[in-house]
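Thank you all for coming. Please have a look at the sequence and the structure on the screen, and then I will talk you through them.

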Amino acid sequence: MTDTQQGQETEFYAGVAAEFLQHYGRGPRFVAVTGVPNADAARVADAFAAALRDAGQETERVTVNEGTTADAFREDVVAPFRSRDGVLVVDGAGLLSPEFRGFWNFSLWVEHDPERSPDWSFVTTGQKDPLGAPREVASVLLDDTDPERPRRLWADSC
């Protein structure tokens, strides 16, 4: 990875972290990172957590294993973290499902589509979102097809 590529990746996640911190600056804060099966949500979560640390935030990283129930997650991860003034960044499949959705202050949905046009959106393509609600409720949509140059996606009609 060149310094320029590393700089682009760092700058991207610093911008997303600044957006998050503008709205959630204190207390226990919870961020989900999930996405399509081919996406590297763990890599994105690590990069986002690093950007939060660079911004002076106490940050912890957790991966939720497939099959973990919302009740187990609440008891084992959320409850112990609630007394902290920091950010818990969690990656895993299904984190924006109805069972988990209420835990998060902020979420990143990671796409991975090497064939996607840079001008893509559901509006420009006229397509309906086949994944529906998980993608619709995410705070940020991003494409990690080129991990050193992540890019934000806009799927709304604004």
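I will start with the sheet, go on to the core and one helix, and finish with a loop residue and the salt bridges.

Before anything else, please keep in mind that this is a predicted model.

Let me begin with the sheet, which is an open one of six strands in the order S2-S3-S1-S4-S5-S6, with mixed pairing. The strands at its edges are S2 and S6, the latter covering residues 151–153, and each of them pairs on one side only. From one strand to the next, the twist averages 25°.

The mixed pairing shows up well around S5, so to speak, if we look at its two neighbours in turn. S4, residues 106–111, and S5, residues 140–143, run parallel and are joined by four bridges, whereas S5 and S6 pair in the antiparallel sense over three bridges. Leu 142 is a useful residue to follow here, since Val 110 stands opposite Leu 142 on one hand, and on the other the bridge partner of Leu 142 in S6 is Arg 152.

Which way do the side chains of S5 point, and are they buried or exposed? Val 140 and Leu 142 point one way, Leu 141 and Asp 143 point the other way, and all of them are buried, the aspartate included. In general terms, side chains in a regular strand alternate between the two faces of the sheet.

Turning to the helices, H3, residues 70–81, lies across S1, S2 and S3, and runs at about 155° to S3.

That brings me to the interior. The largest nonpolar core has 44 residues, and those with the most contacts inside it are Val 31, Val 33, Phe 48, Val 89, Trp 104 and Leu 108. At least two residues of this core come from each of H1, S1, H2, H3, S3, S4 and S5, and the largest share, eight residues, comes from H2. As a general remark, nonpolar side chains in soluble globular proteins tend to be buried together.

If we take Val 31 and leave out residues up to four places away in sequence, we find that Val 31 touches Phe 20, Phe 48, Val 87, Leu 88, Val 89, Val 90, Trp 104, Phe 106 and Leu 108.

Now a closer look at H2, which covers residues 41–54. This helix has 14 residues and reaches 20 Å from its first C-alpha to its last, close to the 20 Å expected at 1.5 Å a residue. The buried residues of H2 are Ala 41, Val 44, Ala 45, Ala 47, Phe 48, Ala 49, Ala 51 and Leu 52. For reading such a list, it helps to recall that an α-helix has 3.6 residues a turn, so residues three or four places apart point the same way. Just after H2, Gly 56 takes a positive phi of about 90°.

Next, a residue outside the helices and strands: Phe 100, which lies in the loop between S3 and S4. Is Phe 100 buried or exposed? Its relative accessibility is 7%, and because the cut-off for buried is under 20%, Phe 100 counts as buried. Leaving aside neighbours within four places in sequence, Phe 100 is in contact with Thr 68, Thr 69, Ala 70, Phe 73, Gly 94 and Leu 95. Phe 73 is 27 residues away from Phe 100 along the chain, and their C-alpha atoms are separated by 8.8 Å.

Finally, the charged side chains. How many salt bridges does a search of the whole structure find? The search finds eleven, and I will pick out a few.

In one of them, Asp 46 and Arg 61 meet with 2.7 Å from N to O. Asp 46 lies in H2 and Arg 61 in S2, residues 59–63, so this pair ties together parts that are 15 residues apart in sequence. Both partners are partly exposed, Asp 46 with a relative accessible area of 44% and Arg 61 with 22%.

Arg 84 forms another salt bridge, with Glu 58, and here the closest N and O atoms are 3.9 Å apart. This pair links distant parts of the chain, with Arg 84 in the loop between H3 and S3 and Glu 58 in the loop between H2 and S2, 26 residues apart. Arg 84 is partly exposed, at 27%.

Arg 149 and Asp 146 form a further one, with 2.9 Å between the closest N and O atoms. Besides these pairs, salt bridges that share partners join Glu 9, Arg 43 and Glu 148 into one network.

Terms used
Residues are numbered from 1 along each chain as its sequence is written. This is a predicted model: local features need pLDDT of at least 70, side-chain atom pairs count only at pLDDT 80 or more; totals for chains, interfaces and linings use all residues. Side-chain values use heavy atoms; hydrogens and water are left out. A salt bridge is a side-chain nitrogen of Lys or Arg within 4 Å of a carboxyl oxygen of Asp or Glu. Buried means under 20% relative accessible area, exposed over 50%, partly exposed in between (1.4 Å probe, protein chains only). The expected span of a helix is 1.5 Å times one less than its number of residues. Two strands pair if DSSP finds at least two bridges between them. Axes are lines fitted to C-alpha atoms, for helices over the stretch in contact, and angles run from 0 to 180 degrees between N-to-C directions. Contact means heavy atoms within 4.5 Å. A nonpolar core is a set of buried Ala, Val, Leu, Ile, Met, Phe, Trp, Tyr and Cys residues joined through side-chain atoms within 4.5 Å.
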